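Visitor: I'd like a close look at one part of this model, the stacked rings, and then whatever else nearby in the story is worth a visit. Can you walk me through it?

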Amino acid sequence: YSIANGTLTLNSGEISADTPHQEAYKYPWAGRDDITEVKITGPIKLDIAAASEFFWSMPSLEKIDGLPYLDTTTATDMGGMFAGDVKLTSLDLSGLKTPEATNMTDMFAGDASLTSLNVSTLNTSKVTEMSGMFAGDSGLSTLNVDNFVTDNVLSMAVMFSRDSALKSLDVSNFKTSKVQNMTYMFEGDSALTDLNVNNFDTSNVIYMSEMFRSDSSLSSINVASFDTSQVYTMEQMFAFDYKLKNLDLKNFETPNVRNMFAMFGGDYSLETLNLENFDTTAALEASGVNPGIDSLLYTPLDILTPGSARSVADQPSHLVQLTLGPKTNLNENALLVEPFGGKHWQAVGDGTVYHPTGTVFEPTTLAIGDHNLTVAKSLFDSHNANNKVETYVPENGIPTNPVNPTPSPSPTPVSYTHLRA
């Protein structure tokens, strides 16, 4: 190879599996900021793990010529292959063969200048790791993954995280029966208005923390197919989804979830929330670094909202209908504030959501740091004792003409940090 006048020239050869593959900056050009172009002039065979981080973290790289010369037919590890090339504007993957690839972690992560990416020729049939594969690709407005075979994938954590220009994403073909980790999978996709996860099989998923966090343009999401019986953590799973109005999670069974911290934090537009099959037993027993149910139902957007660094105005909660189940035992730490349109919550009882007949609950003032917060402690005390499904609405029923929340801009994007560094 040679480097001259900003161009890295790679000649023909073979890089075997004997080359160290996990050391930082394993290739002499990795991490260099003086390379603007790569030219591959002859056949290069990348065997086993040799493709991993091959073009990693060249912040000035704008162009790669000759990619079809790369022979990756026996490559198994392609993790971080093009990651961190923030000025790279295009990639021709048409000649890249990946029949043996098992690891595509961070493969294109942090390539913020890519506006399109054709991955239709990638063979993913043996891939087990897709964590962070497209994370931080903030210039991508479209991405077609219809051809992806995901039957063997174990982790999709951070896979599409902070792809802030994506407006729609069709992952309806994904087979996810083996996936264990979906943490941050769609987090920070702030332009996303359409997301189809109806076919997801989540029966083996353990981690769902921040899975849909900060998807601030998403007005609805159907997770009726989700099996959450094995999930351990749901921290901030739907937090800062400013446009969500209704969330039906009645199919969510959560006997193993120990962390529900701020699960709906800052979702100030949320009007109805169904948690009738939530089991909070494990979360209530959590302690130490596991905050359990803390701030679980705190939907206002204000200075108290956990992790609320943002460029949006404060917004009150618009929650008017909350359904809890016999195992949804909560306490004041869940921070359920007063309902929209009233000061008191009331059980529907034998009435309707518009004409409730159940108990009216007096609020309690709770000190949070330097602030006093009015929360529904007595509601939880009563519900925990009754052990049944009950729906709660504002005293005298849901307002017939609720006021729409004031629209707010999306939060300021957080810079992407390469996961493999």
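Visitor: Which word fits Phe 200 and Phe 226, buried or exposed?

Guide: Phe 200 and Phe 226 are both buried, where buried means under 20% relative accessible area, exposed means over 50% and partly exposed is in between, with a 1.4 Å probe and protein chains only. Before going on, keep in mind that this is a predicted model, with local features needing pLDDT of at least 70 and side-chain atom pairs pLDDT 80 or more, while totals for chains, interfaces and linings use all residues. Residues are numbered from 1 along each chain as its sequence is written, and side-chain values use heavy atoms, leaving out hydrogens and water.

Searching the whole structure turns up 23 aromatic pairs, meaning rings of Phe, Tyr or Trp (its six-membered ring) with centres within 6.5 Å; planes under 30 degrees apart are stacked, over 60 edge-to-face, and the rest tilted. Phe 200 and Phe 226 are stacked because their ring centres sit 6.3 Å apart with planes at 5°. Both belong to the loop between β9 (194-196) and β10 (246-248), yet they are 26 residues apart. Strands here are DSSP runs (E, at least two residues) and helices are H or I runs of at least four, numbered from the N terminus.

Now for Phe 252 and Phe 278, whose centres are 6.3 Å apart and whose planes meet at 5°, so this pair is stacked. Phe 252 is in the loop between β10 and β11 (272-275), and Phe 278 is in the loop between β11 and α1 (281-285), so the pair ties together parts 26 residues apart in sequence. Phe 252 is buried at 0% relative accessible area, and Phe 278 also counts as buried at 0%.

Further along the chain, 5 of the 5 residues in strand β17 (residues 390-394) are buried, so the rest of the structure largely encloses that strand. β12 (residues 321-324) runs antiparallel to β17 and joins it by 3 bridges, with Leu 324 opposite Glu 390; strands pair when DSSP finds at least two bridges. β13 (residues 345-347) is also antiparallel to β17, again through 3 bridges, and its Trp 345 faces Pro 394.

Trp 345 also helps line the largest cavity, among other residues including Phe 361 and Val 375. A cavity is a set of points on a 1 Å grid over the protein atoms alone where a 1.4 Å probe fits but can't get out, and lining residues have an atom within 4 Å of a point.

Conventions. 1 Å grid on protein atoms, 1.4 Å probe; cavity = no way out; pocket = protein on both sides within 12 Å on 5 of 7 lines; lining within 4 Å.
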